[in-house]
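Biologist: Please show me the structure, and then let me ask how the terms are applied.

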Amino acid sequence: MRQINPHAAAEALDERARRILASIVRDHIHGGEPVGSQAIARRADVDCSSATVRAVMSDLEALGYLEKPHTSAGRIPTVRGYRYYVDVLLHLKGPNPAERQLIEKRAQDAASQVDELMAETSRILHHLTRHAGVVVAPRPQAERLRRIEFVRLREGRILAVLVSRSGRVQNRLLSMPALESPPSESELVEAQNYLNQLLEDLTVEEARARLTAELESHRSELSRLRERALSLGVAAVQLDRPALHLEGQASFLEDPALAQDLAKMRALFRTLEEKERLLGVLDRALAAQELTIFIGKESGISEPELSIVAAPYRRAGEIVGALGVIGPTRMDYSRVIPLVEFTARTLGIALDPPDGE
């Protein structure tokens, strides 16, 4: 995402140009149609003649903030115009009490099951914004382990069960080398007890690093049982890609600019099916460690008409995942941004186990 210094950006346009640009963006957000000079001149917050507005609009077009869809039309904001609006001109309005209560209630009702909580959160974002809601489950590498259990199966296979502090359960099917005899039930119990003492409350990523270090530094000193336990542990904590929950893709059909272009619509739905690309965008919000707004091609995955508002969420103070809203570039950012921020905070609270658990 392109970052802008608000103070430097604010100097690029004078106060009248900023008021006119903000009015055009707001009108286009709410109406979806090109905006003419007369409609802007009638606004009390602009206080200019139609001729003056036309001159300013021409200047804004020359600077790349506005464009004409066709010869006789008014103007619409460009991606650059929306970026300036979001970074410099936007006034946020927080969720109203009813929306806050709804988000908190539905998150708490689903809090006992992590996967259901993620799915419900994506549904909440779609319901409140009428855009697509996307939530990435807590990253396995960020989950803190409560315990590891091993279950012996037939044909030399072993099921590793990882239980995290958040209550998330991950199952991994492990296969023993063909020339090695599978461990007995008692050996598996001893291995899991040893690993649980070694790894308790570490993240999966930290656990993998500790197990690898233990194997490398003490291999010559380890008993066969301890070496096998560490090898089982390394196999059990291999990282998987997190689950991604997406709700409300059909909302794009409600945007006239997209609905009228079948080629763009097909490309959009193909993009939304490529979960790895969406995960990559949300990973960028994780890396930024704060709410991030991608407008148009800034995300690297979408047509210019799309925007993504994404925010990381935390558990016990640690960033473990991300969520967001995907919608047309003319989405109501003043409403969507606070909803995404509040939902991310609420999800983090729902993920925290009660004191003493």
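**Salt bridges and accessibility**

Modeller: Arg 106 has a relative accessible area of 22% and is partly exposed. This is a predicted model, in which local features need pLDDT of at least 70, side-chain atom pairs count only at pLDDT 80 or more, and totals for chains, interfaces and linings use all residues. Residues are numbered from 1 along each chain as its sequence is written, and side-chain values use heavy atoms, with hydrogens and water left out.

Biologist: Why is Glu 120 called buried?

Modeller: Buried means under 20% relative accessible area, exposed over 50%, and partly exposed in between (1.4 Å probe, protein chains only). Glu 120 has 11% relative accessibility, so Glu 120 counts as buried.

Biologist: What makes Arg 106 and Glu 120 a salt bridge?

Modeller: The term requires a side-chain nitrogen of Lys or Arg within 4 Å of a carboxyl oxygen of Asp or Glu. For Arg 106 and Glu 120 the N to O distance is 2.5 Å, so the pair qualifies. Arg 106 belongs to helix H6 (residues 97-109) and Glu 120 to helix H7 (residues 114-129), so the salt bridge ties together parts 14 residues apart in sequence. Helices are DSSP runs (H or I, at least four residues), numbered from the N terminus.

Biologist: Why is Glu 116 called partly exposed?

Modeller: Its relative accessible area is 36%, which lies between the two limits, so Glu 116 is partly exposed. Glu 116 also forms a salt bridge with Arg 123, with the closest N and O atoms 2.6 Å apart.

Biologist: How many salt bridges does a search of the whole structure find?

Modeller: The search finds 17.

Note on methods: Helices (H or I, at least four residues) and strands (E, at least two) are DSSP runs, numbered from the N terminus.
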